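User: Hi! Could you walk me through this fold, starting from a single residue and working outwards?

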Amino acid sequence: MKHYRAVLLTSLCAAALSPAVSAAGAGKAVANFTLKDTDGKAVSLADFRDKKAVVVIFVGTQCPINNAFLPRLAELQKEFAPRGVQFLGINANHQDNPRDIAEHRKTYVISFPVLLDTGAAVADRFGARRTPEAFVLDGERKVRYQGRIDDQFGIGYHRPQPTRHDLVEALNEVLAGKAVKQAATPVAGCLIGRPARAQAAATVTYAKHVARILQKNCQECHRPGQIGPMSLLTY
């Protein structure tokens, strides 16, 4: 089962990036939300009303690119906290359970709160797609930047040092009261694992379309007593 999860995560990480970088979210006000942290405590965006800026980072537990950036995020939290900036992590992955998220935060010594977005409702509100994806909110809680942390890590590359510090530049511009020059950047990382949602007008069904594919290609091995690690004989 772990092998199949690893293959799935690798596929998600390697999914092609959108060629267009949209800044459609720039200037959009984010309404208050409340989520529970890894200790079960309710945390609201409004709790940080005294902060000059809030950086919301969508994170996961198993994405390699996400994990590579965590030490850098800890450094940025320490650097910008005295300047009135609050970092918030949000895990919206359907496959990450609360225990794993709490252990992940402990393992990587994440110094800022990590909130559990069950159902990915807050991720949908932001329009977040990948981990790690950063959103910079100004004092009015309007989105001024959406995108990557920097360009050090990505699909197929690992630079000794970044050549662009996108999140830092955006934060410095917001704190200076300036418009963010690069309001959106592409994010290299794993797709957020959103829960499946039924579509009332769906034309594809399990019985008519999916089952026959499994019967033809999968069930020979994925059945009791065979090599497949789980049975795919039933829905």
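User: Which residues does Gln-86 touch, not counting residues up to four places away in sequence?

Analyst: Happy to help! This is a predicted model, where local features need pLDDT of at least 70, side-chain atom pairs count only at pLDDT 80 or more, and totals for chains, interfaces and linings use all residues. Residues are numbered from 1 along each chain as its sequence is written, and side-chain values use heavy atoms, with hydrogens and water left out. Taking contact as heavy atoms within 4.5 Å, Gln-86 touches Phe-48, Lys-51, Ala-53, Val-54, Val-55, Gln-77, Phe-112 and Pro-113.

User: Is Gln-86 buried or exposed?

Analyst: Gln-86 is found in strand β4, residues 85-91; strands (E, at least two residues) and helices (H or I, at least four) are DSSP runs, numbered from the N terminus. Buried means under 20% relative accessible area, exposed over 50% and partly exposed in between, using a 1.4 Å probe and protein chains only. With a relative accessible area of 10%, Gln-86 is therefore buried.

User: Which strands stand at the edges of the sheet?

Analyst: Two strands pair if DSSP finds at least two bridges between them. The open sheet has 7 strands with mixed pairing, in the order β2-β1-β5-β4-β3-β7-β8. Two of them have a single partner strand each, so one side of each is left without a neighbour in the sheet: these are β2 and β8.

User: What is the bridge partner of Ile-90 in β5?

Analyst: β4 and β5 run parallel and are joined by 3 bridges. Within β5, the residue bridged to Ile-90 is Leu-115.

User: At about what angle does helix α2 run to β4?

Analyst: Axes are lines fitted to C-alpha atoms, for helices over the stretch in contact, and angles run from 0 to 180 degrees between N-to-C directions. Helix α2 (residues 64-80) lies across both β3 and β4. Its angle to β4 is about 155 degrees.

User: Which element gives the most to the largest nonpolar core?

Analyst: A nonpolar core is a set of buried Ala, Val, Leu, Ile, Met, Phe, Trp, Tyr and Cys residues joined through side-chain atoms within 4.5 Å. The largest one has 31 residues, and Phe-87 and Leu-73 are among those with the most contacts inside it. At least two residues each come from β3, α2, β4, β5, β7 and α5. The top contributor, with 6 residues, is α2.
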